[in-house]
Amino acid sequence: MNTKKFLLEEKDIPTAWYNIVADMEHKPMPMLNPQTKKPLVEEDLYPLFSKGAAHQEMNTTDAWIEIPEEVRDLYKVWRPTPLVRAYGLEKALDTPAHIYFKNESVSPIGSHKLNSALAQAYYCKQEGVTNITTETGAGQWGAALSYAAKAFGLELAVYMVKVSYHQKPYRRSIMQTFGAQVIASPSMSTRAGRKILTDHPNYQGSLGTAISEAVELAMSTPNCKYTLGSVMNHVMLHQTVIGLEAEKQMEMAGEYPDVVIACFGGGSNFSGISFPFLRHKIKEGKNIRIVAAEPASCPKLTRGQFQYDFGDEAGYTPLIPMFTLGHNFAPANIHAGGLRYHGAGSIVSELLKDKMMEAVDVQQLDTFKAAVMFAQSEGIIPAPESAHAIAAAIREANQAKLEGKPRTILFNLSGHGLIDMAAYDLYLAGDLLNYEVTDEDVKKNLSELEHII
């Protein structure tokens, strides 16, 4: 009888996160102070982030960073997560490919985001911080941090992108159930929000806007720090528990992936599944393809430009070296709210520049078609974000069929879609659209950037 799930025990939860920067031949370029254009040092981040997060952000030498015992104990609530062989999907596609997925949707809040939320809340608590702020797109990160804040006794304010605030009311309810305050962004509660609403009264928000508001509140509130769910190096670090577990599980399955796939917004789940495998490509020249699947309506990896840019819309953050569409880019209101971000983190941007990975874009209708096929063949309704990875995995499986060659595919199911059913309703009713970004739009937006590189 074929094994469906490959399960590890609690003792197999990684004891250290993997810091890929230590092994990269070309390190990411430094973040810059927007005023002086000088590289930031760790202390520059202290006003905004916990010292623990700031230290990890700037660590370019230690390949392994120990996971605090309190964090690892909380990981036991749902980790290790299963690695699953997608026999049903393979059969539906009639492909010679072997398809595996890491099921991060089994976490208490339904996604991978908790891996970093608990770590960041822990470091804030260690420092004696009482309040934290953050932004959230689809609400997965906000939900994860609300759980983590409660676990460590912190007060949390979440700026939720306005379009998602209305599209996904139940994710807002989850955050409020755990005791967080949730504000639709842009809001009138910050200078950045007021300016954006004055200039664009009907603006439905973006992650860049919500970040500006969360940063501003953190900087103006005593004993408060800002936390975030993607893009920054320390977030990528915390997520590597995903790939480290998957490595052991692929070994149990007696296979090694030819291709590792994840959806891409700012890079958290992509980094989590791929960096541990990339380590063998960097250090041993292992022949493995790493693929990021992003929305065609927000194509920073496939059509963006490598440049220094702000991580937020108002320009409060340091300048980050990244593939970007420009921090003023206003993405279409697609239902994969977690992927509506203008830039990629500095590590992923450097890896893409060095051709250590590749990127594909996927249209919204293709993602939902893939999601429905996956639900019908594997019994799990995926988050619209994760459906981008599924669509890319299906392309790979179809290619294997075309070539008549086997191929081992691993993708990250980064979250379930049980609170995204309004989006499925629209798809099933034929009311969802694809959104195109014109070359002119991309060019115009990028022309507004200061060209430092």
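# A first look around the predicted model

At 69% relative accessibility, K355 counts as exposed, since the bar for that is over 50%. The model you are looking at is a predicted one, and K355 is a handy place to start exploring. Look for K355 in the loop between α14 (346-353) and β14 (358-362). Its backbone is a bit of an oddity: K355 isn't a glycine, yet its phi is positive, near 60°. As a rule, most residues other than glycine have a negative phi.

V231 is another non-glycine residue with a positive phi, this one about 70°. You'll find V231 in the loop between β9 (224-226) and α10 (233-239). Is V231 buried or exposed? With a relative accessibility of 7%, V231 counts as buried, because the cut-off for that is under 20%.

## What the record says

UniProt has an unreviewed entry here that lists "domain: Tryptophan synthase beta chain-like PALP" for residues 78-415. Across that stretch, 46% of the chain is helix and 19% is strand. The C-alpha atoms at its two ends sit 13 Å apart.

## Two cis peptide bonds

Most peptide bonds are trans. Here are two that are cis, each with the proline's place in the chain:

| Cis peptide bond | Omega | Loop holding the proline |
|---|---|---|
| R79 to P80 | about -5° | P80: between α2 (69-75) and β4 (83-85) |
| S185 to P186 | about 10° | P186: between β8 (181-185) and α8 (191-199) |

## Two buried loop residues

P80 and R79 turn up again once you look at I13, since both are among the residues that I13 touches. I13 itself belongs to the loop between β1 (5-6) and β2 (16-18). With a relative accessible area of 1%, I13 is buried. Which residues does I13 touch, not counting those up to four places away in sequence? They are R72, Y75, K76, R79, P80 and E245. Take R72: 59 residues separate it from I13 in sequence, but their C-alpha atoms are 7.6 Å apart in space.

S206 is in a loop too, the one between α8 and α9 (207-220). At 3% relative accessibility, S206 counts as buried. If you set aside its neighbours within four places in sequence, S206 is in contact with V161, E313, P331 and R340.

## Helix α4

Helix α4 covers residues 114-126, which makes 13 residues. From first C-alpha to last, α4 reaches 18 Å, close to the 18 Å expected at 1.5 Å a residue. How many of its residues are buried? The count is 11 of 13, and α4 is mostly covered. The buried ones run from L114, N115, S116, A117, L118 and A119 on to Q120, A121, Y122, Y123 and C124. After the helix comes G128, which has a positive phi near 85°.

## Helix α15 and its partners

Helix α15 has 15 residues, and its first and last C-alpha atoms are 21 Å apart, close to the 21 Å expected at 1.5 Å a residue. The buried residues of α15 are Q364, T367, F368, A370, A371, V372, F374 and E378. Just past the end of α15, G379 takes a positive phi of about 80°.

So how do you describe a pair of packed helices? You give the angle between their axes and the distance between the axes. For α15 (residues 364-378) and α16 (residues 384-403), the axes come within 8 Å and cross at roughly 85°. The two helices are therefore roughly perpendicular to each other. On the α15 side, the contact is made by D366, T367, F368, A370, A371, M373 and F374. On the α16 side, P384, A387, H388, I390, A391 and I394 take part. Sorted by class, that contact has 10 nonpolar, two polar and one charged residues.

Next comes α17 (residues 421-428), which packs with α15 at an angle of about 105°, their axes 11 Å apart. That makes α15 roughly perpendicular to α17 as well. Here α15 contributes L365, F368, K369, A371 and V372, while α17 brings A423, Y424 and Y427. This contact divides into seven nonpolar residues, no polar ones and one charged. If you want residues to click on, F368 and A371 of α15 appear in the contact with α16 and again in the contact with α17. Both F368 and A371 are on the list of buried α15 residues.

How values were computed. Residues numbered from 1 in each chain as written. Predicted model: local features only at pLDDT ≥ 70, side-chain atom pairs only at ≥ 80, totals over all residues. Heavy atoms only, no water. UniProt positions renumbered as here; feature names shortened; annotations may be inferred. Helix = DSSP H or I, 4+ residues; strand = E, 2+ residues; numbered from the N terminus. Axes fitted to C-alpha atoms, helices over the stretch in contact; angles between N-to-C directions. Parallel < 35°, antiparallel > 145°, perpendicular 65-115°, else oblique. Contact = heavy atoms within 4.5 Å. Nonpolar A, V, L, I, M, F, W, Y, C, P; charged D, E, K, R; others polar. Expected span 1.5 Å × (residues − 1). Buried < 20%, exposed > 50% of the residue type's maximum accessible area, 1.4 Å probe, protein only.
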